[in-house]
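User: I would like a close look at one helix and how its residues are packed. Please keep it brisk.

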Amino acid sequence: MANIPQKIVHQYLRHDKKFPHVWCAGCSNGIILGAVIRAIASMNLNRDDIVMVSGIGCSSRMPVYIDVDTLHTLHGRAIAFATGIKLHKPHMKVIVVTGDGDCTAIGGNHLIHAARRNIDLSVILVNNNIYGMTGGQCSPTTPHAAISTTSPYGNIEPDFNICNLALGAGASFVARTTAFHVTEMQNYIQASLEHPGFSLIEVISACPVIYGRLNKKGGAPQMMTEFRDNSVPLTAVEKLPKEQVEGKIVRGILRKDIRPEYTAEYAALQAYAQKLGGESDGKEL
Amino acid sequence: MSNKVTKDRMGMIIREEDAPEKMEVEATEVSAPAEKDSPVLIYYNWCKKCGICVAFCPTGCLGRRSDGSPYVQAPEKCIHCETCDRLCPDFAITGAKEK
């Protein structure tokens, strides 16, 4: 173990891995990992009851550093693997960490169907507006007119509003925050772990080395300052004049409601079918 | 570079310099010797000099050296808000002493 004072975050890190971690200087992924660890620690959860699943991408490197049960899976299929884990072990808290390209482009289908089923997963979607790991290609959330290596003259496509997609697909907990608002993020992660049903937290994060450099956003502190100044809480949106809200990031819990959860429904169906002893009376549903 | 090659139980090749015992971070330099009683501890081996802690320190307790790394310039100004602790992407700074 490295010779460092043991704060709560350091107790949850895997010290046999190479530190400092692989992320670039100023990348928000470390901040988000810290918030996840603080949320887990403040809930006093047993480490053996937590699984962290990820796909491929910069943010999907997080399970390498956190000392809980983890699974690093195929590109875009993190939610599919997590669904399997949750169905087999319904008592476990399943956290899915994916990026914007991982979850909305390659794994978009899994996202909407997990939201529709309302299976109890906590999806933390790290949205850095670009495919950072592979060299800065255009992702579905790259804003209009933003520059990436595959759109050197500006992106001509409109970007995805991920929270609206999840709301439309029927997710029962949807929240949006930024990497600057750490305590808020920690509270949302905690709320999503307590929430019975599918929860999606979109975290707007900074990629200062690729997205920031291509779009002349400055360094990490400048991008974080932009998050602070260009975001409004949901509770203030109605009170503010329209021109002050337009084009800004709306933070807050956009939906939180309770509806039947998939694994509970499945267990009830299983109990009912076992009671029948294999013979159907045609009234299962 | 050594040529010694071993395999783990899955059959993956492990080079000697990547073995876990070689990955340990060496004894970490904690601020400067005179700053041992400072409220903020910085682990320079993990720090990537991104400047976030200095930019968002609310009281100006932290300063930045010419190479970009942070240092405690005014320890008496620290209010133990843990902002640097929470915003550090590298887990390389702790904002308050453990009680």
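Analyst: What follows starts with helix α6 of chain A and then turns to the core and to chain B. The model is a predicted one.

Helix α6 of chain A covers residues 108-117. Its buried residues are A:H110, A:L111, A:A114, A:A115 and A:R117. Viewed down the axis of α6(A), these buried residues fall within an arc of 165°, so they line one face of the helix. What lies over them? The cover on the buried residues of α6(A) includes four helices of chain A: α4 (78-88), α5 (100-106), α7 (162-169) and α13 (262-276). After α6(A) comes A:N118. The phi of A:N118 is positive, near 60°.

Now the core. The largest nonpolar core holds 85 residues. Within it, A:I32, A:V36, A:V96 and A:I124 touch the most other members. Helix α2 of chain A (residues 29-42) gives this core its largest share, eight residues. Take A:I32. Neighbours within four places in sequence aside, A:I32 is in contact with A:I124, A:V126, A:A179, A:M185, A:V203 and A:S205.

Last, chain B. It has two helices and six strands. From the N terminus, the order of elements is β-β-β-α-β-β-α-β. Chain B has 99 residues, and 27% of them are buried. Among the contacts in chain B with a separation of 6 or more, 40% are between residues 24 or more positions apart.

Conventions. Residues are numbered from 1 along each chain as its sequence is written. Chains are lettered from A and ligands numbered from 1 in the order in which they are written. This is a predicted model: local features need pLDDT of at least 70, side-chain atom pairs count only at pLDDT 80 or more; totals for chains, interfaces and linings use all residues. A residue is buried if 20 or more other C-beta atoms lie within 10 Å of its own, exposed if 12 or fewer, and partly exposed in between; C-beta atoms are placed from the backbone. Two residues are in contact if their C-beta atoms, placed from the backbone, lie within 7 Å. A nonpolar core is a set of buried Ala, Val, Leu, Ile, Met, Phe, Trp, Tyr and Cys residues joined through C-beta atoms within 7 Å. The arc is that of the directions from the helix axis to the C-beta atoms.
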